[in-house]
Structures are given as C-alpha cells and as structure tokens.
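Please open the model in your viewer and keep the selection tool at hand, since this tour moves from one selection to the next and says what is there at each stop.

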Amino acid sequence: MNVRAYRRFFVVAYQFLPILLAYARDRRRFLLFGGPRQVSSATRRDRARKLLDSMLTLGPTFIKLGQLLSTRPDILPPEYIEEFSQLQDSVPAAPWAEAEQVVRAELGSIDDAFAAFDPQAISGASLGQVYLAEYDGRKVAVKVRRPNIESLVEADLRVIKFSIPLLMRFVGEAQSFSLETLADEFATVIRQEMDYAREASMLKEIRSNFADDRRIRIPEVVDERSTGRVLTMEYVPGTKISDIDDLDDLGVDRSELAEHLQRVYLQMIIDDGVFHADPHPGNLAVQDDGTLVFYDFGMSGRVDPFIQDKIVQFYGAIARQDIDDILDALVEMGTLSPQADRQTMADVMELAIADARGENIEQYRVQQIVSQVEDTIYEFPLRLPPNLALVLRVATVVEGVCVTLDPDFDFIEVATGYLQEEGHIERGIEEFIEDRLDEVGQAVQSSVRVLPKFEDTLDTVTRDNLSVQARISDANGVAERLARRLILGALVAATVLSTALLWAFEKPDATAIAGALSLVGLFLLYRSFREKKGIRAQPQFTRQAMRERQDEAGVAGDVTPTGSDGDDAPPASPTGRVGGEDAP
C-alpha cells in the first residue's frame, strides 16, 4: 500500500474498530474466552445504523460500498440490508475551481466547448456532479467526475482489499466465502461507475432498445463533448416520479404509469439483457404528457441468456405457486445450494407467498417474497451471485416505486401478462415437453445399460468378492464433540479416583495436583455441554417466526428501499429543475 493508503487504513480502522469488537464479543463473550452470545434484531439494527454513519463519514468509496452491500443478503443480515438500502448518494458539490480543471483537461477552453456554462452545480454526488450548459443551440446536462476522486478511490480499494482477510475472522464460514470475491467485485463496480465512456455506451444501447417507444425518454449523449471524465447529455426536464401530488395535477394516470414502468424493466432484464440498475425515484421522472424519463446510467448491468430463462421460470413459478419450480430456479441460478434442506426451503417459500398474498387480498408483493428469500439466504446462509443480486434489488426497488404510484399494484398480474404477450410462457411449455422427452430417452438408454451391470454385480456377490466402504459425513462436528466429551469424562473419572487414593495414602502435594486436574476436567466437561455449538437441527422457519420478524420491522418503522441517489441523477421538477435530492 502507498502512503495515502496506509493513512486511510488507520482512519478506516478507527471508524470500524468498535463494531468489530462487538462482533468479536458475539463469538467469544470476553474476546479470548467465553461462549457466544445471542444478538437481537434491535441490536443488529442499531449496529447497522452506526455502521452506516461510519460509511457516510468515510466518504465516496464507502458510500458506494454500502450501496453494493445493500444488494448482498448473503453477506449481511436483513436489518443491515434495510438500513443500507436507504443510503443516499448526495453530497455537496466540490468547488467550481476544482471541477473547472477537470473540464478544461478533458475539453479544453470552456468558452470554446460550450456557448454558456453555469458554474453552479445542480447536483452533487460522491463520484460526480452535474452542471447546466448550452451547446449547439440546446440545453445540456454536463456530468463531471469529482476532482481528485481517482486517487482517493484507489487508496480506499487498497484498504478494503487489505482488510478483507481480517474481516473474515469476524464472520461465519459461508459469509467469508462471499467476502473473498467482494473486494474485486466492488473494485470493478466503482471503476465502471467512474468510467463515463462506459456509461455513455450503456446509455446508448438502452436508448436504442426503446427507440420505438414514444412513452420512454432517455437523454441523448453529446459525443463530441464527452470523455472518460466528462459526460454531456441532452437536458430532459420532468416531474420526479415520487411527487404524487404534482403527477395528479398533471392528470397522469398513475396506475397506467406503474404498469408501464414495470413492463419497461421486464423488457430490459428478460428480453434485452441490459438494464438501468438504479431505479430509485431520484432517477425517474415524468413529463407533462406522461412520458417516462430515465436518468443516471452509471449503475447498469447485463443479464446473460441463461439467467434470463431462469428469471422467467422464477416469475412463472411464483404466479403458479409452484414451490418445487421456484426452488429449482433458485438452484439453477446458483442462489440456493443443491445440498440445502429442500423441505425447509419449501416451507419458507410457501410461507412467504402466503404472507405476501394475504387472506383477503388477491395480489402478490414480489418485494416481500424476495425479502423472505434474502433473509433465508443469510440465515442458512447461502450464496447470491453478484449480477443476480443486482437484478433482485432492482425488482424490489421498482415494485416499491410502482406501489407508491398505485397502492393496488399487482406485480404478478403485470409480469404474467407481459410473459404471455412476449411468448415466454408458451416457450416454457415447449421447453418442458422437450425436457420430458429427453428424460424418456435417457430412461430407455439406462434400462439397456443397467441389466448387464446388475448381472455383473450379482456375480461379484456370489463369488464373495463384494466389499462395502462407508463414509460418515460429520459437517457439524457432532462426532468430534461426542468423542471429546467421552475423553473428558474418562479423564475426570481417572483424576477423581487418583485424588481419593492419594488422599488415603496421605500424599497432600500430589493430592492437590490431582484435585486441581479433576476440577479442570470437570469445568471443561461442563463447558462442552453448555456450548451453543452443540447438536442442533437445521434451522426451521415457522409462520410465528415470520410474524415476529415483521413485527420487529414494523416497530422500527416502515422502510422502502430507495437505492442510491445517483451520481448524476437529474431528478426533475415542473420548473425544469434537474439534479439530485439536494439540487436547488
């Protein structure tokens, strides 16, 4: 690490040390010894808020890290996910004199590059800030990378990579598996978001996919005034999508708008394979005629065809309440381990769907279903592939926006209608038939191969040449603990007997030593029966446990995932104002 990275390491350590000590005490109550302690949901939520404050204090890189972690329920408990989902990426803009140096370095003289340029930023975020300008007779929004951000990010990335091995000592085995790739994944994400050339490319691709949809407006890139550190786009004003009263004043049909928004994201994810990954209200606006406007493509992603097919299978299975098909889709996507307790997972999914549907409401909330799956991922815990984590988070945030627009919004009805119109469900039936035919063919081939092998096996048994080897799986260490208790019990019995004999033969020094050994053995034996890591079954989930979790969340306050505030998110207003949450 360079000098700046070393300096940042101590700053980061100072912020995170208290919570790391708390985690250490959860595993050993007195740090070096003592058993583990139980942590309540309220305690986890309080720690999550403190950790969130530390990330805000540490600045841009850690704000982005918090946003990434909000999509990783396989690493953090649900309380952390909820708190980090509120993380806003809106900070005061850097002084114009510093930003001006970036613009000049990329485009040359500002007077020559633009007909007019307002030095007052309309939006400030962690990695960039947005200015209004005039070019070629029209208004444009100019996104400028924050001055000197590259060196700070690189130093922080070094600190994060150096810290991962230390953090792995404070988490469970499954979380440490996910943490191993977190540093590289985060480095890729934040570097991509700082690369405005990539953002321009993604914006153009998504814009071309909706070129024929007049109800969608995506800003056009001004190539001749865009580089890797400066992105100039068409200025598109509008009303922020969460300003319900303003939308009503415009006469916008909010139910129709919600359905259209959901269909747009289904097209991006299922059909196009490239999607806008930051759909919080600050990045979505509505024009007077109801046209939907998208801003900030710095956070965007791709979905490969295999995952697209599995997402179709997942949504269709939810609509049919086909629990087995839901689990199959999760396994094939890499979310659910094939070795997981399938019956327990089936119970979780059944309860999640029943709870989302409700007793008197004939609609689903995919956000609740996904949340229950995410909670389960941590509690088992399981693994969540990075790209799929982003897709799931986008699904929940989009539905949150849709429900804000229309409280009666039914995601499954909209998704099912879209899948039917696009032919995905029919295609699924054809694939089902093909799979069954393949299985029949494999069964016929197996029947031809099995009989000769079975005859060979019988011959081996007849000749007494058959040997059987058995291997006992003890992933939870049950046999090891039982063996340790037996050894300790034998040791205690021997030392107690020795103590009695030495006392009878009037050997006080030897008696004291033997007695001390007896007490140590008794303590260790007692402690082995008091350990929380004793013989336990796979965690079971009940409707009561789910209700208790929801009650705790209700006490803490309703939380709607909002995502980041967008680096260049130009949320708009009826007056033509663009920019982030803090835009004047």
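Begin by selecting N148, which sits in the loop between β4 and α7, and bear in mind throughout that the model is a predicted one. This residue has a positive phi of about 60° although it is not a glycine, and its side is open to view, because N148 has a relative accessible area of 58% and counts as exposed. Most residues other than glycine have a negative phi.

For a counterpart, go to D296, which lies in the loop between β10 and β11 (300-302). The phi of D296 is near 60°, again a positive value in a residue other than glycine, but D296 counts as buried, at 3% relative accessibility.

**The whole chain**

Now zoom out and colour by secondary structure, where the protein shows 22 helices and eleven strands. Of its 584 residues, 48% are buried, and the accessible surface of the protein comes to about 29900 Å², with 54% of that surface belonging to carbon and sulfur atoms. If you draw the contacts between residues at least 6 apart in sequence, 70% of them join residues at least 24 apart.

**Helices α1 and α2**

Select residues 3-27 for helix α1 and residues 41-58 for helix α2, and look along their axes, which come within 10 Å and cross at roughly 170°. That angle is over 145 degrees, and α1 is therefore roughly antiparallel to α2. To see how the two helices touch, show the side chains of R8, V11, V12, Q15, F16, I19, A22, Y23 and D26 in α1 together with those of R47, L51, S54, T57 and L58 in α2. Sorted by class, this contact of α1 with α2 holds eight nonpolar, three polar and three charged residues.

**Helices α3 and α7**

Next, select residues 60-69, which form helix α3, and residues 149-167, which form helix α7; their axes come within 9 Å and cross at roughly 55°. The two helices are therefore oblique to each other, and the contact brings P60, T61, F62 and L65 of α3 against I149, L152, V153, D156 and I160 of α7. By class, the contact of α3 with α7 consists of seven nonpolar residues, one polar residue and one charged residue.

Stay with helix α3 and pick L68, which is found there. L68 has a relative accessible area of 10% and is therefore buried; leaving aside neighbours within four places in sequence, L68 is in contact with L182, E185 and F186. Draw a distance from the C-alpha atom of L68 to that of F186, and you should read 7.3 Å, although the two residues are 118 residues apart along the chain.

**Strands β4 and β6**

Which strand comes next, and how much of it is enclosed? Select β6 (residues 230-234), where five of the five residues are buried, so that the strand is largely enclosed by the rest of the structure. Then add β4 (residues 138-145), which pairs with β6 in the antiparallel sense over five bridges. Within this pair, A141 stands opposite M233 in β6.

**The four-stranded sheet**

Turn now to an open sheet of four strands, which follow the order β5-β10-β9-β7 with mixed pairing. The edges are formed by β5 (216-217) and β7 (239-240), each of which pairs on one side only. Inside the sheet, select β9 (residues 284-286) and β10 (residues 292-294), which run antiparallel and are joined by three bridges; here A285 stands opposite V293 in β10. With the sheet still displayed, add helix α12 (residues 254-272), which lies across β5, β9 and β10 and runs at about 45° to β10.

**A last stop in α13**

Finish at Q313, whose place is in helix α13 (residues 305-320). Is this residue buried or exposed? Its relative accessible area is 17%, and because the cut-off for buried is under 20%, Q313 counts as buried. Apart from residues up to four places away in sequence, Q313 touches D325, D328, A329 and E332, and showing these side chains together with Q313 completes the view.

How values were computed: Residues numbered from 1 in each chain as written. Predicted model: local features only at pLDDT ≥ 70, side-chain atom pairs only at ≥ 80, totals over all residues. Heavy atoms only, no water. Axes fitted to C-alpha atoms, helices over the stretch in contact; angles between N-to-C directions. Parallel < 35°, antiparallel > 145°, perpendicular 65-115°, else oblique. Contact = heavy atoms within 4.5 Å. Nonpolar A, V, L, I, M, F, W, Y, C, P; charged D, E, K, R; others polar. Pairing = 2+ DSSP bridges. Buried < 20%, exposed > 50% of the residue type's maximum accessible area, 1.4 Å probe, protein only. Areas by Shrake-Rupley, 256 points an atom, 1.4 Å probe, with all protein chains shown as cover.
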